[in-house]
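Colleague: Could you take me through one part of this model in detail? I would like a close look at the second helix, with enough of the surroundings to place it.

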Amino acid sequence: MKNLTDSFVFLGYWSSAGSFGFNTDILATNPINLSVVFGVLIFFGKGVLSDLLDNRKQRILNTIRNSEELREGAIEQLEKARARLRKVEMEADQFRVNGYSEIEREKFNLIKSTYKTFEQLENYKNETIRFEQQRAINQVRQRVFQQALQEALGTLNSCLTNELHLRTISANIGMFGVMKEITD
């Protein structure tokens, strides 16, 4: 550390006859350096700072506009809800004025409609059950057929010797030859 400070002290003793030198007078150089740095920062930073503040201002204004639009939309929805409430209240008053006969009639129609729907669902259920039963039967038939076929092939393969196999093939070729002659 002593060598480093000695080198700066040594630099201070250089002659200022040359075009370049170090000024070790802190009081004379610091205000000049600070004023140059502040001047550059103000000159170049003013535009950046102004742009940042303008962008922030625009975001705040957009947020305020969006809030106002949402507020107006909420007020419209509130008015519509109030209008619907008034309409429903008027209909309720009409039901009270007309009495319970309309309600009883609607109840009867609803029960009748529900019964018809129930019957349709019951029919659909029965059809679905029949379909599923038929599909299950077909699957069982197919599996039984496959197993029977595999057992038959197994039996044929175990009983069929090379000589018998060659004779069967020759007989089938002969039958195909006869069939070809008949069709020609």
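**A close look at helix 2**

Modeller: Gladly! Read from the N terminus, the elements of the chain follow the order α-α-α-α, that is, four helices and zero strands. Please keep in mind that this is a predicted model. Of the 184 residues, 1% count as buried. The chain exposes about 17,500 Å², with carbon and sulfur atoms supplying 62% of that area.

Now to your helix. Helix 2 covers residues 26–98, and two UniProt annotations fall in that range. The record, an unreviewed entry, lists residues 32–49 as "transmembrane region". In the model this stretch is 100% helix and 0% strand, with its end C-alpha atoms 24 Å apart.

Let us look at the side chains there. Ile32, Val36, Val40, Phe43 and Phe44 together make a nonpolar surface patch of about 550 Å². Within this patch, Val36 is partly exposed because its relative accessibility is 48%. Phe43 has 64% relative accessibility and therefore counts as exposed. Phe44, at 57%, is also exposed.

Those two phenylalanines deserve a second glance, since the structure holds one aromatic pair. The ring centres of Phe43 and Phe44 lie 4.9 Å apart and their planes meet at 80°, so the pair is edge-to-face; the cut-off for that class is an angle over 60 degrees.

Further along, UniProt (again an unreviewed entry) places a "coiled-coil region" at residues 64–98. This stretch is likewise 100% helix and 0% strand, and its end C-alpha atoms are 51 Å apart.

Here the charged side chains come into view. A search of the whole structure finds four salt bridges, and one of them joins Glu68 to Arg71, with the closest N and O atoms 3.7 Å apart. These two residues are three positions apart in helix 2, so about one helical turn separates them. Glu68 is partly exposed at 38% relative accessible area, and Arg71 is partly exposed at 48%.

Another salt bridge links Arg82 with Glu79, at 3.4 Å from N to O. Both residues sit in helix 2, three residues apart, which is about one turn of the helix. Arg82 has a relative accessible area of 41% and is partly exposed; Glu79, at 39%, is partly exposed too.

For a reference point outside your helix, try helix 3 (residues 101–159), where Lys125 and Glu122 lie three residues apart, about one turn. Their side chains meet in a salt bridge of 2.9 Å, N to O.

Definitions and conventions
Residues are numbered from 1 along each chain as its sequence is written. This is a predicted model: local features need pLDDT of at least 70, side-chain atom pairs count only at pLDDT 80 or more; totals for chains, interfaces and linings use all residues. Side-chain values use heavy atoms; hydrogens and water are left out. Rings of Phe, Tyr and Trp (its six-membered ring) pair if their centres lie within 6.5 Å; planes under 30 degrees apart count as stacked, over 60 as edge-to-face and the rest as tilted. Buried means under 20% relative accessible area, exposed over 50%, partly exposed in between (1.4 Å probe, protein chains only). UniProt positions are given in the numbering used here, feature names are shortened, and annotations may be inferred rather than shown by experiment. Patches are made of residues with over 30% relative accessible area and no salt bridge: like charges are joined within 9 Å, nonpolar side chains (Val, Leu, Ile, Met, Phe, Trp, Tyr) within 5 Å. Accessible areas come from the Shrake-Rupley method with a 1.4 Å probe; for residues, only the protein chains shown count as cover.
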